[in-house]
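Dear colleague,

Please find below the structure that I promised to hand over to you. Please keep it open beside this message while you read my notes.

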Amino acid sequence: QSLQRLDLLPINLETLTATGVGMTVKALRNFRSSEIAEFAKALIIRWRGLLRDTAPLTLPKEIASHPFAGHLLDFEAREKVIIKMKEAIKANDDDNPVHAKLSKEIEKEVAINCVRAPGTKNKASEYSVQKKDSEMEKNKGINSERAKAWYNQKNRQLLFNLRDPNNENLRSRVLNSELHPKALVAMEAQDLANSQIAAARAKVREQRSQELESQLDTRRKLQAPNTEAYQCPSCKSTRCRLEIGIVGGWISTDKNEKRELTCCDCGQVFDDPDAN
């Protein structure tokens, strides 16, 4: 339990140097309990990673221990994301400690937000004791996959836009601290895209909006009343729409005209009372 609690603490290189806790945990690698020994070895490996500038930042305790955050415990996977993010932010610039710092902060924000992503149920009430164990495990598995998918998708989205040579403005805003990592992660796809892509997407949205409005207008015209010569037997309204069709067999002499009315107020459908 002590090692698990230690794993959740915000440990950095300065803390390890000042406290000497690294040496204490290192001695536990040969402990008689294989479980404790293995945990101590894993902890030392992660702490050694703090010597690298791409080592992931420690997550808040409530995130690290969250039931949907299992994928965030993979130290190496998180570091791979940071390395890619660093290269995207750096672009053709000279290496600078700021690149690694920003990359780690961005990845941390994505990690924090993935367990709160749309579609995941995070409230404790969702996992109350009233639910069956099998249902709880099923929901936990589904939401864990959703959180992981959101984490991967958001990182891909950010990497794509930061790498975009036509999106230098976004990269500059991040480097100049004009755009904080938290604000960057909260941005939607249309806000992250470069001006050309954003304009093209806006044009497509406008075209789709016009097409939809045209379809709705046509539908409204088709549903509008075209006669007041009849009265609805249900609501007594005279706002009706008359539709005339042909029914019958294959032979022309067997065909008959069908006159059907629809009340535009209550939706009642009835036959033309004057039809023979």
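The notes below take up the strands and then the nonpolar cores.

Please bear in mind throughout that this is a predicted model.

I begin with strand β1, which covers residues 240–247 and pairs with strand β2, residues 256–263, in the antiparallel sense over eight bridges. If you would like one pair of residues to look for, G245 stands opposite K258 in β2. On β2 there is also a pairing with strand β3, residues 269–271, which is again antiparallel and runs over three bridges, and here L261 has F270 in β3 as its bridge partner. Between β2 and β3 there are five residues, the two strands forming a hairpin, and in its turn G267 has a positive phi of about 85 degrees.

The second topic is the packing of nonpolar residues. In soluble globular proteins, nonpolar side chains tend to be buried together. The largest nonpolar core here has 29 residues, and those touching the most other members are L72, M85, I106, L158 and L184. Two or more residues each are given to this core by α5 (61–64), α6 (75–90), α7 (97–114), α8 (133–163), α9 (168–175) and α10 (181–186), and the largest share, six residues, comes from α7. To follow one member in detail, you could select L184, which, leaving aside residues up to four places away in sequence, touches I106, L158, L170, V174, L179 and L192. Apart from this core lies another, made of nine residues, including L3, L16, V21 and L43.

With best wishes

Notes: Residues numbered from 1 in each chain as written. Predicted model: local features only at pLDDT ≥ 70, side-chain atom pairs only at ≥ 80, totals over all residues. Heavy atoms only, no water. Pairing = 2+ DSSP bridges. Helix = DSSP H or I, 4+ residues; strand = E, 2+ residues; numbered from the N terminus. Core = buried A, V, L, I, M, F, W, Y, C linked by side-chain atoms within 4.5 Å. Buried < 20%, exposed > 50% of the residue type's maximum accessible area, 1.4 Å probe, protein only. Contact = heavy atoms within 4.5 Å.
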